[in-house]
Amino acid sequence: MLMNRATDQPEPNPLREGLATRAVPQPCSIVIFGATGDLTHRKLVPALYNVAADGELPPAVTIVGFARRKKRDEEFRRDLEEATRKFSRQPVRDEIWKTFGQSIFYHQSEFGDESGYEQLVKRLHEIDKTHGTRGNRLFYFAAGPDQFEAILKHLKAAGLNETRKGSWVRVIVEKPFGTDLASARELNRIIHNSFTEEQTYRIDHFLGKETAQNILVLRFANAIFAPLWNTHYIDHVQITAAETLGVGTRAGYYEGAGALRDMVQNHLLQLLCLTAMEPPTDLSADSIRDEKVKVLRSLRHWSRNDIAASVVRGQYAKGAIHGDPVLGYRQEENVNADSQTETFVALRLFIDNWRWADVPIYMRVGKRLPKSATEISIHFKKAPAVLFNKDLHDLNVLVIRIQPDEGISLRIHAKVPGTSFHIEPVKMDFHYGTSFGKASPEAYERLLLDAMSGDATLFARRDEVEQAWAFIDPIEEAWHAKKDVPELFFYPAGSWGPEAADDLLARDGRAWRKL
Amino acid sequence: MPAVSEKTYSIGVPVEVAKIDHELKKLWRESEGAATRASLMNLAVYSEAPGSLNSNTQLMARITEDHACRAIVIEADCKAEDDGVDAWISAHCHVSRAGSKQVCSEQISFRLNGGCTSQLPNIVLSNLDSDLPLYLWWQNEFHEPMDPQLWAWVDRVIYDSQPWQDFRAQMRLVESAQAEAKQRIILCDLNWTRLDKVRFALAQFFDHPASHHRFAKIKKVRIDHASGFRSTALLFVGWLAAQLNWRAEKTEGRNKLQFVSSSGQRIDIEIRQCDGQPIHELVLTAGDIEFAVTHAKCGDLLEVSRGIAGEKRVPQLMPAGKNDPVSLMSEELMRGGPHHVYLHAVERVRDLL
């Protein structure tokens with residue numbers, strides 16, 4: 001992430017020395033499949049506009065929208081301009097949009113239409129000539145996963161997966177990366193029929209967040225934490241991803257996915273990997289990903305009994321969020337009236353390696369919880385209770401806040417002023433927003449630049465994805481078994497999930513952090 | 001609290017020098033809950049210009065919006081007959097981007113009369129926020145004696161070489177102070193920071209290895225600069241020469257220079273004064289291709305283009321940066337690490353500056 005070891009990284013430009021600490025994005029055509037969809041309008045093009053406005057985007061970068069709807073370049077540009085004005089983190093400047101917009105093109109075709117790809121080849125060659133994109137291609141799959149196979153097959157048939165001398169071709173795949181291990185393997189097989197693993201960038205936008213990247217800095221640039229970061233000093237770890245939102249308009253997808261597949265398999269396990277991994281040998285993409293995979297491989301396998309005892313699933317019933325009444329999940333639009341889909345999951349898991357032996361990791365993720373917050377907390381063991389004639393109930397806790405209000409806090413014990421020896425916990429708090437005035441770039445900005453630079457550090461590798469599914473699959477299987485199915489608990493919207501989730505920790509003499 | 005609101009920018013309440021620490025603590029106690037103190041560095045600002053205490057307070061109010069620090073603002077009247085020090089404390093507060101909380105940087109202001117150089121180290125050293133780096137923004141020309149007591153504490157010294165009358169003499173002073181301090185002081189020249197965006201705009205033309213062969217074909221560089229910014233243009237030339245390994249061959253008057261590349265290619269440099277921005281336009285000719293960076297009419301954008309001379313081109317826009325002290329300081333404070341490239345650039349044109 002900080003140092004690029006990609007083999008296709010160009011010779012260093014002597015004029016760049018001292019100007020940038022990140023790998024330099026290279027000229028290319030970004031072809032977005034599913035270009036008329038939400039992701040393109042809300043995230044991708046606003047992100048590209050922002051990096052252009054910040055001067056980070058090389059002038060020779062073009063965007064080619066590939067979609068079924070009939071549209072002309074001008075209409076597509078107008079649509080994107082309107083969306084960017086609405087969703088960009090910085091106001092759109094007419095002068096900048098004017099030149100940025102001229103680099104946007106629309107290519108109308110069915111995803112399964114061979115001739116559409118043949119036309120695309122011609123168009124990209126033309127753009128290479130007129131815009132200096134040098135034969136570099138970045139294919140972004142923003143279409144539904146059911147379209148991937150057709151797109152990949154036709155890209156290959158048209159020769160668009162092939163690199164010419166001195167140029168590169170990369171493909172960015174959006175999650176979900178399958179729905180289980182078998183489908184993930186099948187998806188990877190399909191991708192690898194057309195592209196190599198080195199060309200494949202699986203995007204998990206959580207990894208593009210500033211604080212997620214800062215986990216490595218916190219752990220490996222501060223010597224004080226290294227000796228404490230193990231089973232001898234850590235009592236347990238909690239990872240929470242809470243949101244107040246309900247399923248909204250995503251019921252179609254969510255009904256088939258649920259919280260476990262939607263959040264735990266990717267985002268939460270990625271955060272766990274960053275928290276638990278060993279120091280990498282260097283900061284190259286593969287060194288970091290090698291260490292992350294080792295964490296996933298070390299996760300203790302589930303038995304049916306483990307799942308019943310260590311995994312709690314829940315679904316929100318009607319309740320209130322911020323004082324406003326809200327519907328239960330089953331009453332939401334496009335949701336089955338007797339849906340068994342989980343909107344909440346709490347897990348107790350273990351990493352069976354030297355560092356983390358017997359340290360419980362508690363994870364919870366849910367919709368319609370009282371507040372939106374994603375945090376990792378490291379709970380340290382108690383100090384011996386021999387000196388102060390008092391058992392210190394509160395542990396030292398290091399909290400890494402991923403969103404919102406990114407930052408880090410540490411809870412320690414302090415003596416309350418006075419003649420008696422009264423000890424209370426106090427909090428030392430660091431807020432990114434307070435200390436650094438400059439706004440962080442959006443995750444997609446960082447990730448798109450990384451893909452253009454050939455830096456895959458913040459993207460998931462094939463084995464990471466497959467290992468994550470191998471861990472998740474037994475839970476899904478238990479939930480969908482014909483008998484002894486673990487109970488689906490209901491919780492009122494606006495609460496912290498079902499009581500069974502609290503019991504999960506209470507059985508160990510612990511409790512969830514009060515967020 | 002006697003905080004400076006975003007629009008008032010006063011130097012705050014007078015305090016006794018011996019009680020600054022006490023008064024600061026009182027100030028934060030009074031505002032507890034409503035405001036958060038933030039600090040990433042000590043930023044000492046030194047000026048001998050009359051009225052600078054007030055003008056620098058205005059600058060600090062804006063700089064602290066993006067760079068939380070303890071500001072130590074000093075105005076010195078070295079010619080005053082009586083020695084004396086007056087002090088004030090204040091806070092620059094703004095609403096953080098994270099929420100509704102007020103985030104405040106504290107400012108300690110000093111007016112030094114007489115015996116400036118002897119008072120300065122103690123004034124700075126006794127008011128540092130511990131464990132934070134010390135950035136010294138020196139707004140005057142340097143003069144002897146350069147007190148090693150102070151310089152030994154400085155992490156980064158920030159200055160602007162643009163108005164310097166004698167660049168070589170000034171750099172000699174800075175470099176000898178640096179050597180005497182026996183520690184790694186990073187030299188930060190705002191005249192160099194001024195070139196950041198233009199250097200960035202030119203550099204990006206050569207990101208692709210296929211364009212590197214053009215370095216050997218560079219035969220002409222033209223730089224148009226605003227009145228008073230010849231030194232900025234020369235630093236730019238120094239940068240090109242250092243990074244592309246050119247050596248100075250000869251000069252024809254003040255504005256025509258000749259360099260030779262390592263392969264023996266002659267490079268003619270023309271420096272012209274014009275109306276407009278510090279570096280208003282530069283055109284680099286390599287073979288039959290021209291690489292141009294020009295300030296757009298709107299002022300804060302650069303138009304960058306490449307093509308065959310005389311042919312119509314479609315320019316791209318990039319941020320130009322601004323030439324005001326707040327923007328330059330913000331840019332400088334965002335960067336970390338040493339400025340080796342600057343030092344190499346200076347070496348190539350030291351005799352021309």
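**Exercise 1. The domains of chain A**

How far apart do the C-alpha centres of domain 1 of chain A and domain 2 of chain A lie? Describe also the contact between these two domains.

*Solution.* The structure is a predicted model.

Step 1. Locate the domains: domain 1 of chain A covers residues 27-167, and domain 2 of chain A covers residues 208-494.

Step 2. Compare their centres: the C-alpha centres of the two domains are 34 Å apart.

Step 3. Identify the contact: 10 residues of domain 1 of chain A meet 9 residues of domain 2 of chain A. On the side of domain 1, helix α1 (residues 38-53) of chain A supplies the largest share, with 6 residues. By class, this side of domain 1 holds 6 nonpolar, 1 polar and 3 charged residues.

**Exercise 2. The overall form of chain A**

State which elements chain A contains and how its radius of gyration relates to the globule rule.

*Solution.*

Step 1. Count the elements: chain A has 14 helices and 18 strands.

Step 2. Apply the rule: the globule rule gives 24 Å for 515 residues, and the radius of gyration of chain A is 24 Å, so chain A is as compact as a globular protein of that length.

Step 3. Consider the box: along the principal axes, the C-alpha atoms of chain A fill roughly 80 × 55 × 45 Å.

Step 4. Consider the interior: buried residues make up 45% of the 515 residues of chain A. Among contacts in chain A with a separation of 6 or more, 79% link residues 24 or more positions apart.

**Exercise 3. A sheet and its helices**

Give the strand order of the open sheet of 9 strands in chain A, and describe the helices that pack on it.

*Solution.*

Step 1. Recall the principle: strands of a sheet pair through backbone hydrogen bonds, in a parallel or an antiparallel manner.

Step 2. Read the order: the sheet runs β16-β15-β14-β13-β7-β12-β11-β8-β18 in chain A, and its pairing is mixed. At the edges stand β16 (423-431) and β18 (488-492) of chain A, each of which pairs on one side only. On average, neighbouring strands of this sheet are turned by 20° against each other, direction ignored.

Step 3. Examine one pair: β14 (residues 397-403) and β15 (residues 407-415) of chain A run antiparallel and are joined by 5 bridges. Within this pair, A:V399 stands opposite A:S409.

Step 4. Add the helices: helix α7 (residues 210-220) of chain A packs on the sheet and touches β14 and β15 of chain A, its direction making about 150° with that of β14(A). Helix α8 (residues 251-276) of chain A also packs on the sheet, where it touches β7, β11, β12 and β13 of chain A. The direction of helix α8 of chain A makes about 140° with that of β12(A).

**Exercise 4. One residue of the sheet**

Is A:H379 buried or exposed, and which residues does A:H379 contact?

*Solution.*

Step 1. Place the residue: A:H379 belongs to strand β13 of chain A.

Step 2. Count neighbours: A:H379 has 22 C-beta neighbours inside 10 Å and therefore counts as buried, the cut-off being 20 or more.

Step 3. List contacts: apart from neighbours within four places in sequence, A:H379 is in contact with A:I234, A:D235, A:H236, A:V237, A:Q238, A:L395 and A:V397.

**Exercise 5. Unusual backbone geometry**

Which peptide bonds are cis, and what is phi of A:R368 and of B:N245?

*Solution.*

Step 1. Recall the usual case: most peptide bonds are trans, and most residues other than glycine have a negative phi.

Step 2. Find cis bonds: one joins A:K175 and A:P176, with omega about 10°. A:P176 lies in the loop between β5 (169-174) and α6 (181-194) of chain A. Another runs from A:Q403 to A:P404, with omega near -15°, and A:P404 lies in the loop between β14 and β15 of chain A.

Step 3. Find positive phi values: phi is near 55° for A:R368, in the loop between β12 and β13 of chain A. Phi is near 60° for B:N245, in the loop between α8 and β11 (247-252) of chain B.

Step 4. Assess burial: A:R368 counts as buried because 29 C-beta neighbours lie inside 10 Å, whereas B:N245, with 15 other C-beta atoms within 10 Å, is partly exposed.

Note on methods. Residues are numbered from 1 along each chain as its sequence is written. Chains are lettered from A and ligands numbered from 1 in the order in which they are written. This is a predicted model: local features need pLDDT of at least 70, side-chain atom pairs count only at pLDDT 80 or more; totals for chains, interfaces and linings use all residues. Helices (H or I, at least four residues) and strands (E, at least two) are DSSP runs, numbered from the N terminus. The radius of gyration is taken over C-alpha atoms; the globule rule is 2.2 Å times the number of residues to the power 0.38. A residue is buried if 20 or more other C-beta atoms lie within 10 Å of its own, exposed if 12 or fewer, and partly exposed in between; C-beta atoms are placed from the backbone. Two residues are in contact if their C-beta atoms, placed from the backbone, lie within 7 Å. Two strands pair if DSSP finds at least two bridges between them. Axes are lines fitted to C-alpha atoms, for helices over the stretch in contact, and angles run from 0 to 180 degrees between N-to-C directions. Domain bounds come from an automatic or database domain assignment. Ala, Val, Leu, Ile, Met, Phe, Trp, Tyr, Cys and Pro count as nonpolar, Asp, Glu, Lys and Arg as charged, and the others, Gly among them, as polar.
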